[in-house]
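Please look over the fold below. The report that follows deals with helix packing and burial.

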Amino acid sequence: MLKRLRNLVLPSAPPARGRNDPSAVPARPQGSSPENIVAPCAPCFERRGTSGVSPLLRNDPSAEQRAAVLAGKHISYTLKRSSRRRSIGLRINDKGLTVSMPLRASERWLNSVLQDKASWVLEKLDSWQTRKAPVLNMSDGEFIPYLGEQLTLRVVAGGWSRSDRDTPDMPLAGISSVFAAPACQHGDTLWVSVQDEGDATMIERRVVEWYRQQAGILFAARVAHYAALLDVAPGAIKLSVAKTQWGSCNARGTVRLNLQLVKFPLRLIDYVVVHELAHLREMNHSVAFWKVVAVACPDYAKLRRELKTVSLS
Ligand SMILES: [Zn+2]
């Protein structure tokens, strides 16, 4: 599974037992566990019979919003306490900083970890900020991304305008009332027909419908191609709208690919497809797994780095 998350778990674990809290669980370092360094892949969890979702992504009612001053900068973060944790973990993604800590760990320990890692936290927060995907403006004449290129969005109200209908190479020329018609790409233009050209919600709905249609066809073709190369037999191929994962794959062979991928160059889509299909051979991120990936995607390391520079949000 491909994630946009990186976890940092700090091996140092000052005593968690508070002076006024005799029942506190003593903290012990777990930083040496590989699972604690990178969020485990969903397939790894499924093999153990759990839900397939990283514990770090599950809803946690104990989460609370906090503020801190790190190296003179005010930041806010989400604090999560868990009886299962034995160390303090810091995670930064497009949502900001999340700190996970043992249930009864002391405030003093928390503060010392935050201050120790202040420069790392600020640097990562800054890099996520600059990586955020631009908000698309869904109106006539704007550009929308598709396979790494930009399409011009043309919006027509209540059907094609007379001049458009008169254009001989228009794909829907001659159709008088197409306001319910799906979006249609013609060259580097995506034509969207809505009743009210000022209805941004409906325009966006039409564009997303079109993205879904294109993604469904394209992803199925890429999966079929690379499945044959890797000699694997995937099950269902599903589109995902996950906020933090480009793709996932479970032990039943269901491959989920993020709809947002359709906006990016084909090479990145192929890398994610190969990555997930390789999990059908190796349900982990071991050396053996990357050897499988390399069979179909020799320059996977470069693509992996490139994928980390683009935002899913
Ligand atoms: Zn993976």
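The text moves from the whole chain to two helices and the core.

This is a predicted model, in which local features need pLDDT of at least 70 and side-chain atom pairs count only at pLDDT 80 or more, while totals for chains, interfaces and linings use all residues. Residues are numbered from 1 along each chain as its sequence is written.

The protein has nine helices and 13 strands. Helices (H or I, at least four residues) and strands (E, at least two) are DSSP runs, numbered from the N terminus. Of the 313 residues, 29% count as buried. Buried means that 20 or more other C-beta atoms lie within 10 Å of the residue's own; exposed means 12 or fewer, partly exposed lies in between, and C-beta atoms are placed from the backbone.

Two helices each bury one face.

| Helix | Buried residues | Arc of buried residues | Exposed on the other side |
|---|---|---|---|
| α3 (residues 107-116) | W109, V113, L114 | 130° | E107, R108, N111 |
| α8 (residues 287-296) | V292, V293, A296 | 100° | V287, A288, K291 |

The arc is that of the directions from the helix axis to the C-beta atoms. The buried residues of α8 fall within 100°, so they line one face of that helix. What covers them includes α6, α7 (266-278) and α9 (300-308).

How do α6 and α8 pack? Helix α6 (residues 200-230) meets α8 at an angle of about 115°, with the axes 9 Å apart. Axes are lines fitted to C-alpha atoms, for helices over the stretch in contact, and angles run from 0 to 180 degrees between N-to-C directions. The crossing is right-handed, that is, the near helix is turned clockwise from the far one by less than a right angle. Y226, L229 and L230 in α6 meet V292, V295 and A296 in α8; contact means C-beta atoms, placed from the backbone, within 7 Å. By class, this contact has six nonpolar, no polar and no charged residues. Nonpolar covers Ala, Val, Leu, Ile, Met, Phe, Trp, Tyr, Cys and Pro; charged covers Asp, Glu, Lys and Arg; the others, Gly among them, are polar.

The largest nonpolar core has 38 residues, of which V192, V274 and L277 touch the most other members. Such a core is a set of buried Ala, Val, Leu, Ile, Met, Phe, Trp, Tyr and Cys residues joined through C-beta atoms within 7 Å. Elements that each supply at least two residues include β8 (149-157), β10 (189-194), α7 and α8. The largest share, eight residues, comes from α6.

Conventions. Contact = placed C-beta atoms within 7 Å.
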